[in-house]
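Let's take a walk through this structure, one stop at a time. Keep the 3D view open and turn it as you read.

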Amino acid sequence: MESNKITATVFSFNKNSTDKIISNLNDVTLISDIIIVSDEESAYKNSVLSNYPFSGETIREIVEKIQTRYALLIIENMVIDINENSLEKLLSEIQKKNAGLVYSDYNEIINEKTLSHPQNDYQFGSIRDDFDFGPCILIDTKLLKENMSELFSVKNHFKYSGLYDLRLFISRRTNLLRIPEPLYDVQGTSESSDSDKMFEYVDPKNRDVQIEMEKVATHHLKEIDAFIDSKEKKMLKFEENFKMEASVVIPVKNRVNTIADAINSALNQKTDFEFNIIVVDNRSDDGTTKLIRDISSENKRVIHLIPQKKDLGIGGCWNEAILHPECGKFAVQLDSDDLYSDESTLQKIVDKFYEEQCAMVIGSYKLTDFNLNKIPPGLIDHREWTNKNGHNNALRINGLGAPRAFYLPVIRDIEFPNVSYGEDYAVGLAVSRKYNIGRIYESVYLCRRWEGNTDASLSLEKQNENNYYKDSLRSKELLARQEINRKKKL
């Protein structure tokens, strides 16, 4: 096996792009061979024919064909231009650090403009299946060839998730490292928009893919001893010493155009129990404060809180609400942009708590524009969640759904991180570690998308920051779950 040569493997989704990539690679002396993966017969002498390019069987065939110590995988449908010096840096890093996988930042060439595309560092908790390595990764094939029986056993033969399985395997054995400098150029961008990618994993047409990805992620959790059996979850007996059965919690800052709609949506709920509405006004300065004050003066069920602290994110606002003495037994989310689907939402959520004796309930929502017209993909119901394994699968995906509701003693014990992104995911993971989470799969919530949303048109830097934070949450959660399993063995 040649230790200073590289086999390039090009996953071919477009012949024109593939031809250009090969032309570039032919000028690089470190490349000793090129393998083409395609779903149609190829004119290239060394090729792998497959209708499922990222299947376990295809990945196995690729590894068997490679005769060099290292392999460059080009995994996206874009024209890649990488030079000798860049490959030498990748090769040097993987050898010096004894890593199993190395990737780097890159440049995007769009309309003759060069834009830097930084990546995130890989963390222990970077187990989500959409972690972005970029189009090029360098892997150590020696590690794979020495573990063929384990890596490509029958149980791991998947149509869609072979590459995901491969990198999780590598992460269990060695390091995955990023070089924080752009080492190659990419002409254009991938075809999926950021908004498309956000909801790809809940698209019903991707259900078979999701089932496979869940199996791979669950296997990984078992291998690193972070798997939690659903049989170990605590069942709850709800306390009765609450003034209110439920509180609708609305954190808000500068939403003068939407806050009245949100409050009225809560006030219009029809229930067989007493509830109130806690609006945490995070020092608004656009007229929102006066609007809330006027509504609360007319309706005593609306509690208007203005925190003393000046550094609160959304999570900090939630803590103000759940620690308030008037907070009800169940604290139920309503964002200041959004609405409940109808007058029965709150009743359905509280009923679900008693039905399943759970510590948290998550509903389903419909995406709409500002005027409540449905926009794609429509209903977001997170049916990838199952009672048996949802708490483990939650570590693979990037969100748990909405609206979210919490049994107050449990959420007071956990509390929210004082951030404005991922605070809901953090507490959802923590709750699911010990308690059941109830799910409502019909739409009970309208999530409005408009230019004022906090997650509208995020920059790449902000997307990276958000993803890095959620990966850090997963890292902490994995360690917590490993500790639970460690103590069980004592």
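Where does Pro403 lie? Look at the loop between α13 (390–393) and β17 (404–407), and you'll find Pro403 there. Before going further, keep in mind that this is a predicted model. Now check the link just before this proline: the peptide bond from Ala402 to Pro403 is cis, with omega near -5°. As a bit of background, most peptide bonds are trans. There's another cis bond to look up, between Pro376 and Pro377, where omega is about 0°. Pro377 has its place in a strand, β16 (residues 374–380).

While we're on backbone angles, most residues other than glycine have a negative phi. His382 goes the other way, with a positive phi of about 50° although it is not a glycine. You can spot His382 in the loop between β16 and α13. Is His382 buried or exposed? With a relative accessible area of 2%, His382 is buried, because anything under 20% counts that way. Gln357 also has a positive phi, near 50°. Its home is the loop between α12 (345–356) and β15 (360–368). Gln357 has 33% relative accessibility, so it counts as partly exposed.

Next, hop over to helix α3, which covers residues 84–96. This helix has 13 residues and reaches 18 Å from its first C-alpha to its last, close to the 18 Å expected at 1.5 Å a residue. At the N-terminal end, Asn83 acts as a cap: one of its side-chain oxygens lies 3.2 Å from the backbone nitrogen of Asn85. Just after the helix comes Asn98, with a positive phi of about 50°. Which residues of α3 are buried? They are Glu84, Ser86, Leu87, Leu90, Leu91, Glu93 and Ile94.

Gln95 sits in α3 too, and at 35% relative accessibility Gln95 counts as partly exposed. Setting aside neighbours within four places in sequence, Gln95 is in contact with Ser3, Asn4 and Tyr70. With Asn4 there's a polar contact, side chain to side chain, at 3.2 Å. If you'd like a distance to try out, the C-alpha atoms of Gln95 and Ile82 are separated by 19 Å, with their positions 13 residues apart along the chain.

Now for the empty spaces inside. How many cavities of 30 Å³ or more does the structure hold? There are two. The largest has about 50 Å³ of space, and its lining is made of Phe11, Ile59, Ile62, Val63, Ile66, Leu73, Ile139, Leu144 and Leu166. Sorted by class, that's nine nonpolar residues, no polar ones and no charged ones. Helix α2 (residues 56–65) gives the most to this lining, with three residues.

The second largest cavity has a volume of about 40 Å³. Its lining includes Val10, Phe11, Ser12, Phe13 and Glu76. The elements that give two or more residues to this lining are β1 (2–11) and α1 (15–25), and α1 has the largest share, three residues. By class, the lining of this second cavity has six nonpolar, five polar and one charged residues. Phe11 is worth a second look, since you can find it in the lining of the largest cavity and in that of the second largest as well.

Let's move on to Glu477, in helix α16 (residues 460–489). Glu477 is buried, with a relative accessible area of 4%. What does its side chain pair up with? One polar contact goes to the side chain of Arg433, at 2.7 Å, and another to the side chain of Arg481, at 2.8 Å. Not counting residues up to four places away in sequence, Glu477 touches Leu395, Leu429, Ala430 and Arg433.

The last stop is Pro118, found in the loop between β7 (113–117) and β8 (136–140). Beyond residues up to four places away in sequence, Pro118 touches Asp105, Arg178, Leu460 and Asn464. For a final distance, try Pro118 and Lys243: they are 125 residues apart along the chain, and their C-alpha atoms are separated by 51 Å.

Key. Residues numbered from 1 in each chain as written. Predicted model: local features only at pLDDT ≥ 70, side-chain atom pairs only at ≥ 80, totals over all residues. Heavy atoms only, no water. Helix = DSSP H or I, 4+ residues; strand = E, 2+ residues; numbered from the N terminus. Buried < 20%, exposed > 50% of the residue type's maximum accessible area, 1.4 Å probe, protein only. Polar contact = N/O pair within 3.5 Å; in protein donor to acceptor, adjacent residues only side chain to side chain. Contact = heavy atoms within 4.5 Å. 1 Å grid on protein atoms, 1.4 Å probe; cavity = no way out; pocket = protein on both sides within 12 Å on 5 of 7 lines; lining within 4 Å. Points joined across faces, edges and corners; volume = space filled by probe spheres on them. Nonpolar A, V, L, I, M, F, W, Y, C, P; charged D, E, K, R; others polar. Expected span 1.5 Å × (residues − 1).
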